[in-house]
Amino acid sequence: MRRTIIAGNWKMNGTIGETESLIRGLLAGKSDNPKATVMVAPPYTALFPASKLLEGSHIALGAQDMSEHEVGAYTAEISAQMLLTVGVSYVILGHSERRQYHAETDSLVNAKTKRALDAGLTPVVCIGETLEQREAGKTEAVVGAQVDGTLKGFTPDQLAKIVIAYEPVWAIGTGKTATPEMAEAVHVFVRRKLAALDSKAAETMPILYGGSMKAANASGLLGQPNIDGGLVGGASLKADEFIGIINAV
Ligand code: PGA
């Protein structure tokens with residue numbers, strides 16, 4: 001049985017006060033579902049106050065990125081150790097916005113993933129094709145290369161601690177969701193790629209879908225056998241909408 005994870009990626013949204021009120025909204029509503037692990041990833045500046053509010057609750061805390069380095073002269077970077085000290089247990093890595101605007105490559109994501117695992121954080125490794133790549137029939141080639149590149153060199157034990165998020169770039173923040181069948185087809189492909197690395201990891205690794213998931217389309221997506229949850233952007237910024245997705249599991 002694979003874990004189901006519903007994760008909110010709050011991106012660059014939320015002052016401390018706004019983050020606190022969103023968390024209060026989630027905690028006041030029916031945001032717990034025994035069938036799902038719930039995680040939220042506020043901006044760095046709000047992580048510490050968020051962790052205070054979330055302490056002892058059913059909601060885990062995530063960060064949106066971290067450095068591949070352990071410590072040192074890396075201006076503005078945030079280390080795994082720093083995240084641990086503010087109560088973070090998950091870290092999103094290789095999000096398409098990091099790849100697009102900050103030129104992150106698969107090998108960098110691989111280094112960050114290794115660092116996260118060494119520190120005891122759960123990496124949520126993002127992969128996904130652009131519209132141009134999909135239209136050129138390259139989805140499997142692109143996503144396959146991302147799986148190979150980001151997960152290179154990990155032992156079966158390390159692979160067992162990784163979460164994947166398949167996020168077609170053309171569906172992120174656009175309101176265009178992959179149909180459940182389209183998403184499932186890529187998830188099946190990813191699981192087949194994983195099987196080449198380790199058959200047990202392929203069975204147990206949660207593969208989340210991301211890209212304009214909302215309460216209204218969540219049950220169709222989450223009903224697919226290989227979609228093990230969601231990485232939710234826009235819809236996770238409204239407590240009611242996010243709770244709707246949690247309860248669609
Ligand atoms: P979206 O973002 O739900 O707003 O499309 C998803 C993501 O970028 O993780």
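What follows is a walk through some helix packing, a few single residues and two unusual backbone angles in this predicted model.

Let's start with helix α11, which spans residues 215-222. Four of its residues, Asn-217, Ala-218, Leu-221 and Leu-222, are buried. Plot their directions around the axis and they cover an arc of only 130 degrees, so they sit on the same side of α11. The spacing in sequence fits a general rule: an α-helix has 3.6 residues a turn, so residues three or four places apart point the same way. As for what that buried set packs against, the list holds three strands and two helices: β1 (5-9), β7 (207-210) and β8 (229-232), along with α9 (180-197) and α12 (239-246).

Both of those helices turn up again in helix pairs, so keep an eye on α9 and α12. Two packed helices are described by the angle between their axes and the distance between the axes. Take α7 (residues 139-150) and α9: the angle is about 40 degrees, and the axes are 10 Å apart. That angle makes α7 oblique to α9, and the crossing is right-handed. On the α7 side the contact is made by Thr-139, Glu-140, Val-143, Gly-144, Val-147 and Asp-148, while α9 brings Val-186, Phe-189, Val-190, Lys-193, Leu-194 and Leu-197. Sort the residues of this contact by type and you get seven nonpolar, two polar and three charged.

Now swing over to α12 and its partner α1. Their axes are 9 Å apart and meet at an angle of about 45 degrees, and α1 and α12 are therefore oblique to each other. The crossing here is right-handed. Leu-22, Gly-25 and Leu-26 come from α1, and they meet Ala-239, Phe-242 and Ile-243 of α12. By type, the residues of the contact of α1 with α12 are five nonpolar and one polar, with no charged ones.

While you're on α1 (residues 16-28), look at Gly-17, which is found in this helix. With a relative accessible area of 41%, Gly-17 is partly exposed. Measure across from Gly-17 to Gln-133 and the C-alpha atoms are 40 Å apart, with the two positions 116 residues apart in sequence.

Two other helices each offer a residue to stop at. In α5 (residues 106-119) you'll find Lys-114, which counts as partly exposed at 41% relative accessibility. Lys-114 and Leu-151 are 37 residues apart along the chain, yet their C-alpha atoms are 8.8 Å apart in space. Ser-96 lies in α4 (residues 96-102). Is Ser-96 buried or exposed? Its relative accessible area is 12%, and the cut-off for buried is under 20%, so Ser-96 is buried. Setting aside neighbours within four places in sequence, Ser-96 is in contact with Val-169 and Ile-172.

Finally, a look at the backbone. Most residues other than glycine have a negative phi, but two loop residues here go the other way. Lys-11, in the loop between β1 and α1, has a positive phi of about 50 degrees although it is not a glycine. Ser-212 also has a positive value, with phi near 55 degrees. Ser-212 lies in the loop between β7 and α11, and with a relative accessible area of 17% it is buried. That loop brings us back to α11, where the tour began.

Conventions: Residues are numbered from 1 along each chain as its sequence is written. This is a predicted model: local features need pLDDT of at least 70, side-chain atom pairs count only at pLDDT 80 or more; totals for chains, interfaces and linings use all residues. Side-chain values use heavy atoms; hydrogens and water are left out. Buried means under 20% relative accessible area, exposed over 50%, partly exposed in between (1.4 Å probe, protein chains only). The arc is that of the directions from the helix axis to the C-beta atoms. Contact means heavy atoms within 4.5 Å. Axes are lines fitted to C-alpha atoms, for helices over the stretch in contact, and angles run from 0 to 180 degrees between N-to-C directions. Angles under 35 degrees count as roughly parallel, over 145 as roughly antiparallel, 65 to 115 as roughly perpendicular and the rest as oblique. A crossing is left-handed if the near helix is turned anticlockwise from the far one by less than a right angle, and right-handed if clockwise. Ala, Val, Leu, Ile, Met, Phe, Trp, Tyr, Cys and Pro count as nonpolar, Asp, Glu, Lys and Arg as charged, and the others, Gly among them, as polar.
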